[in-house]
Amino acid sequence: MGPNESYAVGRWTGPTRHGSYSGFNLPAQAWVPTVVQVVLAGYVTGPLQNESLRVTLDTPGGSYGPLTLRAARANEHVGAAAAGSWVIDFSSFYAFSAGALQGVVDVDIKLMSQGPDSGHELHLDAVGLNVRLEDPNELFDLWLGDDASALDGAASYLQGIAGPLDLGDTDCPGDICFLRVRDGAGVARTLSVLLLPGGATFRVGFVDGREDAPVDEDLSLVNAPATAPADGVSLVRVEVTPCDGSGIPLGEGVILRLDPASLGPAETVGGFTHQGDGSFVIELKSAGIGDAMLLVEADGVTLSQAPVVSFVAP
């Protein structure tokens, strides 16, 4: 595996069940980690059944996790020919304060089993840490016009905005309106445009790295099926729509998290993805029977709706 043909071998019995990987040294920063992911590159030598990986992030300020990579996800990469990467997204479960990852960070991996050992191994080629830092005091500029190709050469329409904003149809110069939001470094931010009730106002949401959106815990929506097969393959779609006090979706830029302790046998597949209409989707799957309660936090606000998905025998 890899250019140097060097890799770690983990077994679910004996002394090779536990590994700690260091060398991640993040510089001193007053910025906030908004994306924190551990990436494991490798494969398992055969399909797991009762086994799992437990991953913990150890920092100078404390530990985060453990998060569990269960057999259903580990089996996405069985055999050397199917080697690939597993992403464990800590930022989908934990809030990281400014400086939380400053200094030496370790990734701790422990192989766990809740039944007979299938005899297969974990071959791990690389361990990576993906971190995105955001300036909590960042200000943004908005460009607006009827010609997308001319936006870069034009003066910004609004300067020094700090978060999502509502504009009227009179702000647009024509029937078609193109928008762009840039940060202080001139980098375009992912944005959404939602038409508000009445059709004369639209909401521009964008990734701002802040957790200060006016989220209403009672009017925000969390939707998921009541039951799902516990076959380790079927994906369960969970849809979250953060809304303000008027029940209107807030759009792009809201940071969402799930409570990992309430997911029971289920695990997430990837992170939250904005659908462009104010709703965010995350997928779950489970190979074990049991209930997963969806306790969702949106920009630091715990949402009132907490549906339960019951994973049943297929």
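In this predicted model, β16 and β24 (residues 308-312) run parallel and are joined by three bridges. One of the contacts can be pinned to a residue pair: P229 has V312 in β24 as its bridge partner. The two strands belong to an open sheet of three, ordered β16-β24-β21, and the pairing across this sheet is mixed. β16 (227-229) and β21 (290-293) sit at the edges, each pairing on one side only. On average, and with direction ignored, neighbouring strands here are turned by 30 degrees against each other.

A second open sheet also has three strands, this time in the order β18-β22-β23, and its pairing is antiparallel. Its edges are β18 (256-258) and β23 (301-302), each of which pairs on one side only. Strand β22 (residues 296-298) runs antiparallel to β23, and two bridges hold the pair together. Within that pairing, A298 stands opposite V301 of β23. As general background, strands of a sheet pair through backbone hydrogen bonds, in either a parallel or an antiparallel arrangement.

Turning to open space, the largest pocket comes out at about 670 Å³. Its lining takes in 33 residues, and those nearest the centre are T68, L69, R70, A266 and E267. Several elements chip in with at least two lining residues each: β4 (51-59), β5 (62-70), α1 (71-74), β6 (84-89), β7 (103-113) and β19 (267-274). β5 provides the largest share, with five residues. As for chemistry, the wall of the largest pocket is a mix of 15 nonpolar, twelve polar and six charged residues.

Next down is the second largest pocket, with a volume of about 500 Å³. It is lined by 23 residues, with T34, V35, V254, I255 and F272 closest to the centre. Two or more lining residues come from each of β3 (32-44), β8 (121-134) and β19. The top contributor to the second largest pocket is β19, which gives four residues. β19 therefore turns up in both places, being listed for the second largest pocket and for the largest pocket too, with the elements themselves taken as DSSP runs. By class, the lining of the second largest pocket splits into seven nonpolar, ten polar and six charged residues.

Closed-off space is also present, in the form of two cavities of 30 Å³ or more. The largest cavity holds about 60 Å³. Around it are L26, P27, A28, Q29, W31 and P33, together with G99, A100, L101, Q102 and L133. No charged residue is found in this lining, which counts eight nonpolar and three polar residues.

The second largest cavity encloses about 40 Å³. P164, D208, R210, D212 and A213 line it, as do L250, E252, G253, V254 and D299. Here the tally is four nonpolar, one polar and five charged residues. V254 appears in this cavity lining and is also listed among the residues closest to the centre of the second largest pocket.

Technical notes. Residues numbered from 1 in each chain as written. Predicted model: local features only at pLDDT ≥ 70, side-chain atom pairs only at ≥ 80, totals over all residues. Heavy atoms only, no water. Pairing = 2+ DSSP bridges. Axes fitted to C-alpha atoms, helices over the stretch in contact; angles between N-to-C directions. 1 Å grid on protein atoms, 1.4 Å probe; cavity = no way out; pocket = protein on both sides within 12 Å on 5 of 7 lines; lining within 4 Å. Points joined across faces, edges and corners; volume = space filled by probe spheres on them. Nonpolar A, V, L, I, M, F, W, Y, C, P; charged D, E, K, R; others polar.
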